[in-house]
Amino acid sequence: MSAGHSVEGTEAPYYFVPAPSVHPATGSLALLFFGGGMVMWVNDIAIGPWVVLAGVLGFLFVLYQWFGDAIAESEGGMYSRRVDVSYRWSMSWFIFSEVMFFAAFFGALFYTRVFTTPWLGNFDHRQVLWPAFSAVWPNQGPAGVVEAFATVGPFWLPTINTALLLTSGITLTISHHALRENLRSKCITWLAITVLLGLTFVCVQAYEYYHLYTELNLRLTSGAYGSTFYLLTGFHGFHVCLGALMLAVILRRLIKGHFTADQHFGFEGAAWYWHFVDVVWLGLYLFVYWF
């Protein structure tokens, strides 16, 4: 955001309101393709992966267009201080909604572990319904319909990914301070390292998933343990991809000379999101891999 810009020597509008846009509709359509394709994919419908690919490519195209419009408005001096405040509140509420999003998933994990599993293993259930069920976590469910699988520990891939994300938080902070000191080259270098660390995290997690599926037989269908594991780690991985994309856009803008030491909310908003992703991963690392 460049709140202090002017248009041909005049001040920015009191509060800039953009023209009606097709981006929300096209973005929703792309996400519909993505969600529908995932449903087809997990149900072994052949066209599923292609529908997912179409949804992802469509969503990336929408983001490219949408980001481009917002950047043109910002660099064109359309954003005043009032718009800057609106962006800050909007990003804050967006991150709060993401906090509640993951709170629901963590709640599902804790409910299954703390309440459901002991209930299924109490005296009445063992005597009447599932006498062979042991109320420990993780388990293969009381009905015996889940294929045997191995659980996941914190070593070594999850620990490596934790180090990668924590390091990326440090490099991003260094980059931010460099921008505030108007050291653009230093800012670009450290932000590029941050993006590289994020992409490395995604690659390591992809390898971990391959290992889990092929060697440990841990799948999305592996009872409550498998479903909560992939729900939490998979959605977090998606957020890492989105955060890395946001930082890559900011990196390109920095290279093109956008932002100043005083006006750079685009950078700050992406940094807020990335630090949120870091904190969520710490919760996953502790309660999914360790305990």
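**Close-up views of a predicted eight-helix chain**

**View 1. Asn182 is found in the loop between helix 5 and helix 6 (184-216)**. The model is predicted: local features need pLDDT of at least 70 and side-chain atom pairs pLDDT 80 or more, while totals for chains, interfaces and linings use all residues. Residues are numbered from 1 along each chain as its sequence is written, and side-chain values use heavy atoms, with hydrogens and water left out. Phi of Asn182 is positive, near 65°, although the residue is not a glycine. With a relative accessibility of 52%, Asn182 counts as exposed (over 50% relative accessible area; buried is under 20% and partly exposed in between, with a 1.4 Å probe and protein chains only).

**View 2. Phe259 is a second non-glycine residue with a positive phi, about 75°**. Phe259 belongs to the loop that joins helix 7 (223-255) to helix 8. The relative accessibility of Phe259 is 3%, so the residue counts as buried.

**View 3. Two cis peptide bonds involve the loop between helix 4 (123-128) and helix 5 (157-180)**. One runs from Trp137 to Pro138, with omega near 0°; Pro138 lies in this loop. The other runs from Phe155 to Trp156, again with omega near 0°, and Trp156 is likewise found between helix 4 and helix 5.

**View 4. Helix 1 (residues 23-42) packs against helix 2 (residues 48-75)**. Their axes, which are lines fitted to C-alpha atoms over the stretch in contact, come within 7 Å and cross at roughly 160°. Helix 1 is therefore roughly antiparallel to helix 2 (an angle over 145 degrees, on a scale from 0 to 180 degrees between N-to-C directions). Helix 1 contributes residues to the contact (heavy atoms within 4.5 Å) that include Gly27, Ala30, Leu31, Phe34, Gly37 and Trp41. From helix 2 the contributing residues include Val51, Val52, Gly55, Val56, Phe59, Val62 and Trp66.

**View 5. The rings of Phe110 and Phe287 form an edge-to-face pair**. Their centres are 5.4 Å apart and their planes stand at 90°; rings of Phe, Tyr and Trp (its six-membered ring) pair if their centres lie within 6.5 Å, and planes over 60 degrees apart are edge-to-face, under 30 stacked and the rest tilted. The pair links distant parts of the chain, since Phe110 belongs to helix 3 (residues 81-120) and Phe287 to helix 8 (residues 265-290), 177 residues apart. Phe110 is partly exposed at a relative accessible area of 32%, and Phe287 is partly exposed at 34%.

**View 6. Tyr111 and Phe115 form a tilted aromatic pair**. The distance from centre to centre is 5.6 Å, and the angle between the planes is 35°. Both residues lie in helix 3, 4 residues apart, about one turn of the helix. Tyr111 is partly exposed at 43% relative accessibility, as is Phe115 at 41%.

**View 7. Ten aromatic residues**, Trp137, Phe149, Phe201, Tyr209, Tyr213, Tyr225, Phe229, Tyr230, Trp281 and Tyr289, **form one cluster**. The aromatic pairs come to 31 by the ring-centre rule. Trp137 of this cluster also precedes Pro138 at a cis peptide bond.

**View 8. The chain has 8 helices and 0 strands** (DSSP runs numbered from the N terminus: H or I of at least four residues for helices, E of at least two for strands). Its C-alpha atoms fill a box of roughly 80 × 35 × 30 Å along the principal axes. Of the 291 residues, 38% are buried. Among contacts between residues at least 6 apart in sequence, 74% join residues at least 24 apart.

Note on methods
Angles under 35 degrees count as roughly parallel, over 145 as roughly antiparallel, 65 to 115 as roughly perpendicular and the rest as oblique.
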